[in-house]
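Q: I have a structure open in front of me and would like to learn how to read it. Could we go through it together, beginning with the surface?

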Amino acid sequence: MAKRVEGSAGTPATVALVRAGIPFTPHAYAHEASSTSFGLEAAEKLDVAAGRVFKTLLTDVDGRLVVGVVPVTGQLDLKALATAVGAKRAVMADPSLAERKTGYVVGGISPIGQKSRLTTVVDESALTFDTVFVSGGRRGFDIELTPADLARAASAVFAAIARP
């Protein structure tokens, strides 16, 4: 896997990966402004099985922000996420708060290189793939890396937090 960042693709996520010496492959594509399903758009444009493309979702878990990373083909199981971090209840975080705390815009939130270090849980289905795709930090830009490297870069743990 390449550890190459093209000038136009430099984001906090790619900077963090390069700084940590974690290999990744950048994948840019033409984002359609009318698209609202950013992850499915990435899978289609990059010609990748949608199950390998993961979305980054911010939640409020008992009053603290927690990141859930799940396949774009499914949904985040809020109860399972809360359980995974030893909490009782989780709800989706306000999008404007998510943008402020991560430094990214909705649809381009990467689990890597966020402004604030947040507890992160990646759905264990990622472990069934050699590599997975996550947002690279802006709409129209994904990064491909191994699940182990994703966990290392995001200081994440794996748990069953997705549902179909």
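**Reading the model step by step**

A: The accessible surface of the protein chain comes to about 7,700 Å², and 52% of that surface belongs to carbon and sulfur atoms. Please keep in mind throughout that this is a predicted model.

Q: How confident is the prediction, and what share of the residues reach a pLDDT of 70 or more?
A: For the protein chain the mean pLDDT is 91, and 93% of the residues reach 70 or more. Residues 2-8 need care, since their pLDDT is below 50, although in the model this stretch still has 14 contacts beyond near neighbours in sequence.

Q: Which helices and strands should I expect, that is, how many of each are in the protein chain?
A: The protein chain holds five helices and ten strands. Its radius of gyration is 14 Å, close to the 15 Å that the globule rule gives for 164 residues, so the chain is as compact as a globular protein of that length. Taken along the principal axes, the box filled by the C-alpha atoms is roughly 40 × 35 × 30 Å.

Q: What share of the residues is buried, and what share of the contacts joins residues at least 24 apart?
A: Of the 164 residues in the protein chain, 48% are buried. If we take the contacts between residues at least 6 apart in sequence, 60% of them join residues at least 24 apart.

Q: How should I read a sheet, and what is the order of the strands in the open sheet of three?
A: Strands of a sheet pair through backbone hydrogen bonds, and the pairing is either parallel or antiparallel. In this model the open sheet of three strands runs in the order β1-β8-β7, and its pairing is antiparallel. The edges are taken by β1 (25-28) and β7 (132-138), each of which has a single partner strand, so one side of each is left without a neighbour in the sheet. From one strand to the next, the twist averages 35°.

Q: How many bridges join β1 and β8, and which residue stands opposite Thr-25?
A: Strand β1 and strand β8 (residues 141-145) pair in the antiparallel sense over four bridges. Thr-25 stands opposite Glu-144, which lies in β8.

Q: Turning to a single residue, is Asp-149 buried or exposed?
A: A residue counts as buried under 20% relative accessible area, and Asp-149, with 13%, is therefore buried. Asp-149 lies in helix α5 (residues 147-154), and, leaving aside its neighbours within four places in sequence, Asp-149 is in contact with Ile-22 and Pro-23.

How values were computed. Residues numbered from 1 in each chain as written. Predicted model: local features only at pLDDT ≥ 70, side-chain atom pairs only at ≥ 80, totals over all residues. Heavy atoms only, no water. Pairing = 2+ DSSP bridges. Helix = DSSP H or I, 4+ residues; strand = E, 2+ residues; numbered from the N terminus. Axes fitted to C-alpha atoms, helices over the stretch in contact; angles between N-to-C directions. pLDDT = per-residue confidence, 0-100. Contact = heavy atoms within 4.5 Å. Buried < 20%, exposed > 50% of the residue type's maximum accessible area, 1.4 Å probe, protein only. Rg over C-alpha atoms; globule rule 2.2 N^0.38 Å. Areas by Shrake-Rupley, 256 points an atom, 1.4 Å probe, with all protein chains shown as cover.
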